[in-house]
Structure formats: structure tokens, C-alpha cells
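This report describes how the strands of one protein chain are arranged and how its ligand is held. Please keep the sequence and the model in view while reading.

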Amino acid sequence: MTSRVALVTGAGRNVGQGIAVALAEAGYRVAVNDLDDQRAKQTVELISGSGGTAVSAPFDVTDPEAVASAVAQVHQELGPIDVVVNNAGIAEGGMAGPFLDSTPSDWHTHIGINMIGAANVLHAALPGMVERGWGRIIQISSGASSVGLNIGVSFYGGSKAGIEGFLRHLSREVGPSGVTVNSLALGLMDNVGTDIPTMKELLAGIPVGRLGKPSDVGGAVLWLCSEPGAWVTGQTIHINGGSVNGR
Ligand SMILES: NC(=O)c1ccc[n+]([C@@H]2O[C@H](COP(=O)([O-])OP(=O)(O)OC[C@H]3O[C@@H](n4cnc5c(N)ncnc54)[C@H](O)[C@@H]3O)[C@@H](O)[C@H]2O)c1
């Protein structure tokens, strides 16, 4: 068990909630961020109800001032942040569809949440980690970062590739200060719903024969945060049940 502090963005439901719960079960005191205050509170209640420690930290990751003030607030409530999991990555309204049907506003939305949002959180939380000589940065990415897919996710996938690239550079800057920086590129998760028409074909492309669960991602996050995970940095690790089509 640990007594470290973790901030998980977009943790009001699904993948982010699973990560927050896994961290809390391992003893982390967790700041649960979400744009939606009610969702953040639900995750806090889930964790508190199981005896863990969590506080709600509602803010929009794309707003640098809101991020800076929330990080200071978390420091006051729980202590200095040791772990950041940048999970918020799908803006309300979802994907843009085919590129030729998209607008500049759609492009800004994907870059805003996946690149600028992640950078905002890191810019606020990293200085303390560097000063204390220990930290873990984990970016939740997607297989769409590294494989071309004709399913209407081109700018989303591009923004995931962008953040992975930035973090590889960042890992070199902060590695000497005891901070590791990695991305987890997820395959198809169980919150996509099982009623989509192509589900049978999608499942056939996943060697382990099932969609991902939030706890699968939580387990990978815990390993990267652990001391045995300390020699891993600057990497993108694919968590996808063995699928090779990037989803
Ligand atoms: N679900 C999948 O199949 C899948 C596959 C690959 C990668 N991913 C990645 O996993 C992560 C989580 O996906 P999910 O399916 O759980 O998403 P989700 O949409 O179910 O939940 C994300 C949460 O983020 C919050 N959020 C949205 N914009 C925000 C902002 N600006 N600031 C703070 N919070 C914000 C939402 O309110 C929501 O509660 C994302 O980074 C996504 O790209 C998901």
C-alpha cells in the first residue's frame, strides 16, 4: 500500500473511473477530475464507500487557469500530487466523423483536449514532482494513434499521436528528476456498447476474445506507478487484448 496522491482526469465514468478506483484500492489518495461535477462526485462516493480516500476536482482540462487553481486546491486537500493520469480525451459530442465532413472547430476540439488539456495539467503538476524527485505521468491514448483507420477518427487519432510524441520528448527532460512519462494506447473498451452492428467482427479481431475493462487499464497504471515499473519511460504501451488493427 502507498500513501501517495494521484490526479486522474475525466474520471467521472468508464476508463477514468476504473483507473481512479484501482489507484484508491492500492492506497493512493485520489483527486477525481471531471468536467461534469456530478460524475466526479459519483466516483468519489464509489471510492469512499469502499474505504478509500478521494476528493472531487471538477475542472475543464482545456482551461489553464482552472487547472492551475485546481492543482493548488488538491495540494491543500490531499498533499502534493505524485501521479497524473491524463485520461480525459473524448470531448462531449464524441468523434468528428470523416475528415471531409469535419470543421476547424472539430480539429481544435481534439487537439484542445488531447494535447493542450494534457499539457495544462502537466505544466501545473510537474514542477512539484521534479522538485521532490519522484513522479509518474501516464497518458491514456488510443491504438488510433499508430494505425490508419477509416472509421471517422482521423483527427482524434492524430491528436493522440501528437501527445504521445510530445511525451517521448518530455520523458527525456524529466527522467533525471525521477519522473517517468508513458502512454497507454487502448484498444476497444467495453463502454462502446455490445449492440453495435459490427461487434462480432470487432471481437473476432481481439485475440483474447473480449473488450477491455476499466480495471485492465487500472492494472497497467498501477504497474507503471510501482517501483518495478520505474525503469519504463518514454514508451507507448498497447493495452488491447492483442488486437492488431489499432482499436
Ligand atoms: N472507450 C474506448 O473504447 C477507448 C478506446 C481507446 C482509447 N480510449 C481513451 O480512453 C480515455 C477515456 O475514454 P472513455 O471512453 O472512458 O471516455 P468517456 O467519454 O466515457 O469519459 C470521459 C470523461 O471525461 C470527461 N471530460 C470530457 N471533457 C473533459 C474536459 N475538457 N475536462 C475534464 N473532463 C472532461 C467527461 O465528462 C467524461 O466523464 C480517453 O482518453 C479515450 O480517448 C477509449
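## Strand 4 and its two neighbours

In this predicted model, Val-8 has Val-85 of strand 4 standing opposite. That pair belongs to the contact between strand 1 and strand 4, two strands that run parallel and are joined by three bridges. On another side of the pairing scheme, strand 4 is also matched with strand 5 (residues 135-142), again in the parallel sense, and here the pairing extends over four bridges. Within strand 5, Ile-137 is the bridge partner of Val-84.

The side chains of strand 4 (residues 83-86) can be sorted by direction: Val-83 and Val-85 point one way, whereas Val-84 and Asn-86 point the other way, and all of these residues are buried.

## Strand 2 and the crossovers on either side

Strand 1 (residues 5-8) is joined to strand 2 as well, with four bridges between the two, which run parallel. Ala-6 stands opposite Val-30 of strand 2 in this pairing. Between these strands the chain passes through helix 1 (residues 14-25), and the resulting β-α-β crossover from strand 1 to strand 2 is right-handed.

Strand 2 (residues 29-34) is itself mostly covered, with five of its six residues buried. Strand 2 pairs further with strand 3 (residues 54-58), in the parallel sense and over five bridges; in that pairing Val-32 has Ser-56 of strand 3 as its bridge partner. A right-handed β-α-β unit is formed here too, made of strand 2, helix 2 (residues 37-49) and strand 3.

## The ligand and its surroundings

Which residues come nearest to the ligand? There are 28 residues around the ligand, and of these Asn-14, Asp-34, Arg-39, Asn-87 and Tyr-156 come nearest.

Several polar contacts can be described atom by atom. For Asn-14, a polar side-chain atom lies 2.7 Å from an oxygen atom of the ligand, while for Arg-13 an N or O atom of the side chain is 3.0 Å from an oxygen atom of the ligand. Val-61 takes part through its backbone instead, with an N or O atom there lying 3.1 Å from a nitrogen atom of the ligand. As for overall cover, the ligand taken alone exposes 840 Å², and the protein buries 95% of that area.

Methods: Residues are numbered from 1 along each chain as its sequence is written. This is a predicted model: local features need pLDDT of at least 70, side-chain atom pairs count only at pLDDT 80 or more; totals for chains, interfaces and linings use all residues. Side-chain values use heavy atoms; hydrogens and water are left out. Buried means under 20% relative accessible area, exposed over 50%, partly exposed in between (1.4 Å probe, protein chains only). Two strands pair if DSSP finds at least two bridges between them. A crossover is right-handed if, with the strands pointing away from the viewer, the path from the first strand over the helix to the second runs clockwise. A residue is near a molecule or strand if one of its heavy atoms lies within 4 Å of it. A polar contact is a pair of N or O atoms within 3.5 Å; within protein, one must be able to donate a hydrogen and the other to accept it, and residues adjacent in sequence count only if both atoms are side-chain atoms. Accessible areas come from the Shrake-Rupley method with a 1.4 Å probe; for residues, only the protein chains shown count as cover.
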